[in-house]
Amino acid sequence: MNYESSYTAKPFGTSAEPLKQGDGFMNRYGASMAKLRREMVDGLRRKGIGNERVLEAMESVERHRFVDEKSHARAYDDSACPIGYGQTISQPYTVAYMTTLLLERCPLPAKVLEIGTGSGYQAAVLDALGYQVFTVERLPALYRSAVALFGELGLPIACRLGDGSLGWPEESPFDGIIVTAAAPHCPDHLLQQLADNGCLVIPVGEQDLQQMTIYRRIGMRYEKELFQYFAFVPLIGREGWN
Ligand code: SAH
């Protein structure tokens with residue numbers, strides 16, 4: 001079980017190696033952010049994430065850029081982290097887990113939609129893998145800061161402000177859809193916006209516990225697979241929680 005909205009696991013980034021010149025941001029142990037990222041990836045590997053392309057993408061994305069400065073030192077811990085407005089950036093393990101599920105079923109090149117932009121980190125990891133990324137956020141402040149950050153980082157990620165439980169019909173169909181908030185049931189709109197053979201990765205269940213679920217579209221029918229349990233913040237909207 002993974003609690004998305006709370007600090008949990010022991011940090012990976014506890015190395016006390018001496019500081020290298022010009023190596024970017026430093027944490028309070030004097031380790032460079034690049035080194036912390038490598039340690040985060042090693043930790044993910046130990047926890048069972050085996051997809052090297054996913055690990056490589058996560059080693060390349062500067063997660064500390066997606067949290068505020070006072071959280072920089074913890075940016076590479078394997079824990080969720082508050083991003084304001086009661087929302088959290090997902091735990092690295094959760095990002096790695098969902099991204100692996102998607103990548104194993106949704107080969108590149110492909111067009112993917114993320115619901116729940118939040119900090120923008122998950123979208124940046126999908127971009128680093130080579131997906132064409134679309135993302136929807138319902139909270140204006142988070143939407144605006146993600147748009148600004150993607151601009152600063154030069155990431156070609158398309159953002160929309162709105163109720164993502166209804167998808168992004170004008171840009172559909174999508175080869176993959178990934179929902180990073182907890183849904184009470186699988187939104188029909190998202191199923192309808194999948195391309196043939198497309199996959200939807202979504203945590204479905206109660207507000208405090210959901211099962212990671214995959215729907216694959218095969219013509220007019222859908223195949224469902226069930227995975228590990230997680231605890232995400234709620235998907236709020238017409239096809240989510242009220
Ligand atoms: N993927 C994010 C973490 C998501 S936290 C990251 O990498 O940081 C879940 C996000 O989903 C929150 O930002 C929340 O505001 C958003 N959300 C909840 N319901 C939504 C909806 N109906 N449409 C779009 N975004 C929604």
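A polar contact is a pair of N or O atoms within 3.5 Å. The model described here is predicted. On that cut-off, the ligand makes a polar contact with the side chain of glutamate 114, because an N or O atom of this side chain lies 2.9 Å from a nitrogen atom of the ligand. Glutamate 137 supplies a further polar side-chain atom, placed 2.6 Å from an oxygen atom of the ligand. Aspartate 163 also takes part: a polar atom of its side chain is 2.9 Å from a ligand nitrogen. The ligand is almost wholly covered. Its area when taken alone is 580 Å², and the protein buries 99% of this.

The shell around the ligand was examined next. There are 27 residues around the ligand. Those that come nearest are Glu114, Ser119, Glu137, Gly164 and Ile236. Two of these, Glu114 and Glu137, have the side-chain approaches given above. By class, the shell holds 10 nonpolar residues, 13 polar residues and four charged residues. The ligand occupies the largest cavity of the structure. Three elements give two or more residues to its shell: β3 (87–89), α4 (121–129) and β5 (132–137). The largest share is that of β3, with three residues.

The cavities were then considered in the protein alone. Two cavities reach 30 Å³ or more. The largest has a volume of about 350 Å³. Its lining comprises 31 residues. Gly116, Gly118, Glu137, Thr180 and Ala181 lie nearest the centre of this cavity. Elements that give two or more residues to the lining are β3, β4 (111–115), α4 and β5. Here β3 gives the most, again with three residues. The lining divides into 14 nonpolar, 12 polar and five charged residues. Glu137 thus appears in both descriptions: it is listed among the residues nearest the ligand and among those nearest the cavity centre.

The largest pocket was treated separately. Its volume is about 290 Å³. It is lined by 15 residues, and Arg65, Phe66, Val67, Ser145 and Leu149 are the closest to its centre. Both β2 (81–84) and α5 (140–153) supply at least two residues of this lining. The largest share comes from α5, which contributes five residues. Seven residues of the pocket lining are nonpolar, five are polar and three are charged.

Backbone geometry was inspected last. Most residues other than glycine have a negative phi, and most peptide bonds are trans. Three sites depart from this pattern. The peptide bond between leucine 108 and proline 109 is cis, with omega about -5°. Proline 109 is found in the loop between α3 (92–105) and β4. A cis bond also joins serine 172 to proline 173, where omega is near 5°. Proline 173 belongs to the loop that runs between β6 (158–161) and β7 (174–179). At tyrosine 85 the phi angle is positive, near 60°, in a residue other than glycine. Tyrosine 85 sits in the loop between β2 and β3. Of the flanking strands, β2 supplies residues to the lining of the largest pocket, and β3 supplies residues to the shell around the ligand.

Methods: Residues are numbered from 1 along each chain as its sequence is written. This is a predicted model: local features need pLDDT of at least 70, side-chain atom pairs count only at pLDDT 80 or more; totals for chains, interfaces and linings use all residues. Side-chain values use heavy atoms; hydrogens and water are left out. A residue is near a molecule or strand if one of its heavy atoms lies within 4 Å of it. A polar contact is a pair of N or O atoms within 3.5 Å; within protein, one must be able to donate a hydrogen and the other to accept it, and residues adjacent in sequence count only if both atoms are side-chain atoms. Accessible areas come from the Shrake-Rupley method with a 1.4 Å probe; for residues, only the protein chains shown count as cover. On a 1 Å grid over the protein atoms alone, a cavity is a set of points where a 1.4 Å probe fits but cannot get out, and a pocket is an open set with protein on both sides within 12 Å along at least five of seven lines; lining residues have an atom within 4 Å of a point. A molecule sits in a cavity or pocket if more than half of its atoms lie within 2 Å of its grid points. Helices (H or I, at least four residues) and strands (E, at least two) are DSSP runs, numbered from the N terminus. Ala, Val, Leu, Ile, Met, Phe, Trp, Tyr, Cys and Pro count as nonpolar, Asp, Glu, Lys and Arg as charged, and the others, Gly among them, as polar. Grid points are joined across faces, edges and corners, and a volume is the space filled by probe spheres set on the points.
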